[in-house]
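Reader: I'm new to this. Can you walk me through reading a protein model?
Author: Sure, let's look at it together.

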Amino acid sequence: MKSPIGILFYDKEGKLIAANQSAKDIAGIPESEDVSVNLFNNPDVVSRKEKLIGEGVIKFQSQMNFEDMRDAGYYEPTRSGTAYLDFTISVVDSGYLVQIQDITKRKKIEERLTENEKKYRELVENANSIILKMDKKGQITFFNEFAEKFFGFNKEKIMGKNVIGTIVPETESSGRNLRELINRIVSDPESHINMENENITHDKRRVWVAWTNKGIYDDEGKVTGVLSIGTDITKRKDAENAFKHLMFEASKSKNLILKELQEAHNNLELKVQKRTRELNESNYALRKEIQERRHAEEDLIKSKNYLDKIINSIADPVFVKDNQHCWILLNDAYCKLMGYSREEILGKSDYDFFPPHEADVFWEKDEEVFKTGVENVNEEEFTDSEGNVHILVTKKTLYTDISGEQYIVASIRDITERKKTENNLRQSERKLILAMDMAKLAYWEYDVSLDLFTFDDRFYKLYGTTADHEGGSKMSSEEYAQKFLPPEESHLVNEEMAKALQTDDPDFFGQVEHTIIRADGEKRFIIVRYGVIKNDEGLTIKTYGANQDITELKKAEAALKDSEAKFRGIFDNATDMISLIEGRKDGEYARYIEVNNAGIKRLGYSKNEFLNMGPFDIDEGLETPENMEKLSKEGHVRFETIHVAKNGRRIPVEVIIHFINRNATNIALEISRDITERKKAENELKRSEQKYRTLFNSSPDSTVLIGTDGNLMDVNHAAQEVTGLSKKDLIGKNFTELDLLLDEEMPLHIEKVSQVLRGKNLKPYESRFIDKNGKIHYDETYLKALKKDDEIFAFNVIAHDITERKKAEEKLRETIEELKRSNYELQQFAYITSHDLQEPLRTIASFTQLLERRYGGQLDSDADEFIEFIVDAAVRMKEMIQGLLEYSRVGTQKVEFKEVDMNTELEQALSNLHALINKNNAEITHVHLPNVLADPDQMVRVFQNLISNAIKFRKSDEPPKIHISCQIDKENNEFIFSVADNGIGIEKEYKDKIFEVFKRLHAMGKYEGTGIGLSVVKRIVEQYDGRIWVESELGRGSTFYFTLPFTHSKDL
C-alpha cells in the first residue's frame, strides 16, 4: 500500500534532491528531470525560515495552486487545481527533510460539514413545524422560532423550563404520560412515537398538536433527551368535533325516517304480492333462457382455458391490450417479467407500473399500431417491479374481432443479457486496445517458410517510422536487422530465433531484452516476448510476439538505484529515529530489521541489539487500542508516546508509522521525533496561559475577546461588573445586539474595526457605553487584532473606565472658563482703572507744577519741599499706572504670529536704547539668532526690558557687558534664549520674586523704574507657552533665560 506521506530531501540551498512517489503525486512533480523546485520558493517556508533554523523543525498547513507552479516556471505539474497540504520540515546534516500530506479531502469535508450544519440550523430555525428538544426530565433545551410564534413564549424565557405547566396542561396524568414517553424511547431507541395531545399557549388557549417523538443520543449511544416535531391539528380536531355533533343529529333524523319507511313498507307489501303473481308467470321462460346461457358460458370458459394453456406454454412474454391501452390477456412469462401477479396487471395500463418516460414510449408505439394497422417491432427499455431495467424486443400486431373491436397482440424477447455480453465484449476490445496503447506494445508475426515479418501500426510508431515509409507492413528478417538492430546485438535476436525453431514445446514462450535504433537514430531499450505456432509434424511454422519500449523503465531503475543511495544518506543522517520493522497490521511486530544512527545514539542500544528487539521493547504507548485499531484499518498512524532508553531515560517522542509492501512482506516504516523540548514549551505555554488567564480576570479594566463574526468569545470580571451582565448573558452574543453601545457611536466602533482589519495600529480612543441600569460610562478603548497563522481570528478590546476623569475634566473646564472670564474682567478693570486714574493724576501734577512755577521761592522751604514731593509722587504714580496699563495690554491685545528674524528685533531694541547704552558705555554682543513665529513688537519689548534691566543694575566701577545667545533643545522641542550681564547680581532668595508685579529689591531712590518690566517679559513669554527664569550670584552678574517652542519657529 502506498504511503499517504510524501518525503522529499532538499540540499542546504533548498534545491530538491530526491522525492518518493507519494511526494511526487501529492506535489504534482513530473517524472521529468527538468524540474526547478526550490524549498525557499514557498513563501510559507520563507516566513518561518528563522524558526526552522533556530528550532530545527517547523510544522504548518499551506495551500498549493498548481497553475501558479506552472506559471512560475518551476515545472509542469501532473495535477491541476488547488490542494491543501500538511508540511513537517526538519533540518538534517546535509539539508532539509520534508514530509507532506494531502489534506484536501479533509478540508473539503470540514467545509461541507460546516455548510451542512449551517443549512440544518437554517432549516430547523425556518421550518414551518414546531421543533423542540427536552432532556429526560422534560426540561426544554431547544425551541425554534415557529414554536415561539405558535405557543407565544419567548425562547430565552422558556429555555430550561419543564414542558409540563408551560405547553402541556398540568394534570394528574401529565407527569406519568411524560415518563412513559421517555421510557418507551429509552427501551426502543430506534422508535418514532406519534401522538396527539392537547397543549396550551402562553395566553392559555387550548390547541391540538400531532407530535412525532424520537430519542437524542450522546457519543456512547445513550438517550439523553427527546426531539419532538409537532404539527398544528387544532382545525382538524374542531372539524372532528363538528362531525360528531352532525352524526348525533343524523341519528335523531334516522328514527323519524324509519317510522315513515315502515308505513311505506306496509303499502308496498300489497303491491308486491300482486307483482309476484305476474313474475311467477314469466319466471319459467326466464329459467329456460338462463339454462341456455349457462351452457354457452361453459363452452366459453373451456375455450378460454384452452387459450390460456396455449399462451402460457409460450416461453416468451405475450400480452393483449384493448383500445384503451389496458391489458386484457397475458401469459405467465409476462407476469414473471413484470414482477406482478395476473390479477394486479389485468385492467390496468402502462402508467400504473412504469416511469412516465417509459410509459409514454409504450403508449406512442401502441397508438402507431392502432392508427396504421402496421406490425411494429421495437427495441425498448423496461423497468420491472424491483427497479431492474430490461432491454426488450417487442413485436406488436393489430387484431380486429368479429364485432369490429381492435386489440394489440404483442410478443416480447428479453435481450438484456445479450446486450450486456455485447457491451462487455466491446469494452474488453477497447480495454485491450487501450492497454496495448498504454503499454506501447507493438505486435508482429514471423512466417518461417517465407522469412517474412508482418508488423502492426504500433510497431512502426515504436520504431519512429510508418508502414508507408518502409514500403508496407512486411519485411524480411535481414531487412529488419539492417534497419533497426545495432550490429553488436543481432546475435541476441538470432539466438532467440534458434530457440523458437528448435523447441519441441508447442506452448513455448520466450523473451529477450535488447536495444533498437529508431529511424531518427535514437537508441531505445525494448523487451520482446514471443510464442510459437507448430504444424501437425511439430515443426515451428510461425512465431508471434509483442515488443515493448522499456527505456523509461531502465532509466527509472537507474534513478531508483540513485534514489536508494540518496535515501540511505537521508536515513543515516536524519536527526529523527527512522526504523524498518517486519510485522503485521494487527500490531504483532516481529523485530527491527533496520535502525538509523539517530535511533542508536538516542536510545543507547547497539545496532545488533536493535535487530534482536521489537518496538514493544522500547515503546510505552504502542499497545494503546485506538492506535492499533487505526494502524490495522488505515495502514498508518501518528501518536505521541514514551521511548525508554537503555539507561532507563524516558524520552517523549512523536511517532509516525506507515505500512509498506516490500517483496510481498508487510514492512512498517517508523519515524520517531524527540519532542522533549516541545513538551517543555507546551508546559511553559500552559503556565503562560494560566498566568494570562489570571491577569485577564484580575485586570481592573474591562477586557473582552470578540470573534471576527462580532460574537463575544470571553469577558473578564471587570467587564461583567461594569456592564451589570453575567458571563452567560454576554458570551456568544453579538456586540451589536447587546444594547450596550450607543447608536450614535456605532459608526465609530465599526470604523475602528475596519482600520484594524486593514492592518493599522490604533491609538486608544474615547467612547461611551450604557450599562444594564442605563448609566452611561466613558471609556478609553484599546482595540487590537489577534492573529493565528497570520490570519485574524479575534479582537482584544480593553476598556479603561474614565468616567470619573471625564467628570473631573468637565469640572476643570468649567473652572478654567470661570477663571478666563474672571481674568478678562480683571484685565478690563485694570486697564479701565489705570486709564481713568491718569486723568486726575495729570490734574494733580499739572496744578502742583503750576504752584511750583508761580510761587516757587515765595513760600518757605518746607512748602517748596512738599510741592516737590507731590510732583515726584505724581510722576511715579503715572509711571506705575502706565506700567500697569502695559502689563494688562499683554493679555488683552490680539497677537498676530508671523515669521520674525530675532536678529532684526534685537537690533530694534538696541536702537531704542541707544541713548542709555551710550550714556553707560555698555558693551553688547550677540550670536546669530534664529527665526521664530511671533509678534515682532513683543519680541522687541522682551529684549528691550531685559537689556535695560541689565544696564540699570550695573556695577558702579565697571561698564556693563551684556551678551545675548540662543541654544536649541531638541529633547524639549524649544529654543533657549539668554541675556547675560556682569551686573550686581541677585541674592538666591529673590530669584522668583523679581518677576512679580511692582516688586523691587532696592530702595526707591537708588534705582529708577516701577518694578513691572520683568513681569511684562514673563507674561509675554508665557503667551508662547514658554518659560523664563534667572541664574545669578550676588556680585557676579545675572543671566536671564527664556524659551520659545519650535511650534512657533520655522528656523530648524
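Author: Start with the outside: the accessible surface of the protein chain is about 64,400 Å², and 52% of that belongs to carbon and sulfur atoms. Such areas come from the Shrake-Rupley method with a 1.4 Å probe, and for residues only the protein chains shown count as cover. This is a predicted model, where local features need pLDDT of at least 70, side-chain atom pairs count only at pLDDT 80 or more, and totals for chains, interfaces and linings use all residues. Residues are numbered from 1 along each chain as its sequence is written, and side-chain values use heavy atoms, with hydrogens and water left out.

Reader: How do I describe two packed helices, say helix 27 and helix 29?
Author: In general, you give the angle between the axes and the distance between them. Here helix 27 (residues 902-912) and helix 29 (residues 936-952) pack at about 55 degrees, with axes 8 Å apart. The pair is therefore oblique (angles under 35 degrees are roughly parallel, over 145 roughly antiparallel, 65 to 115 roughly perpendicular, the rest oblique).

Reader: Which residues of helix 27 and helix 29 meet?
Author: Contact means heavy atoms within 4.5 Å. Among those in helix 27 are M902 and L906, and helix 29 brings residues including F943 and I947. By class, this contact has nine nonpolar, three polar and one charged residues.

Reader: Is L398 buried or partly exposed?
Author: Buried means under 20% relative accessible area, exposed over 50%, and partly exposed in between (1.4 Å probe, protein chains only). L398 has 21%, so L398 is partly exposed. Its contacts, leaving aside neighbours within four places in sequence, are V369, F370, G373, Q406 and Y407.

Conventions
Axes fitted to C-alpha atoms, helices over the stretch in contact; angles between N-to-C directions. Helix = DSSP H or I, 4+ residues; strand = E, 2+ residues; numbered from the N terminus. Nonpolar A, V, L, I, M, F, W, Y, C, P; charged D, E, K, R; others polar.
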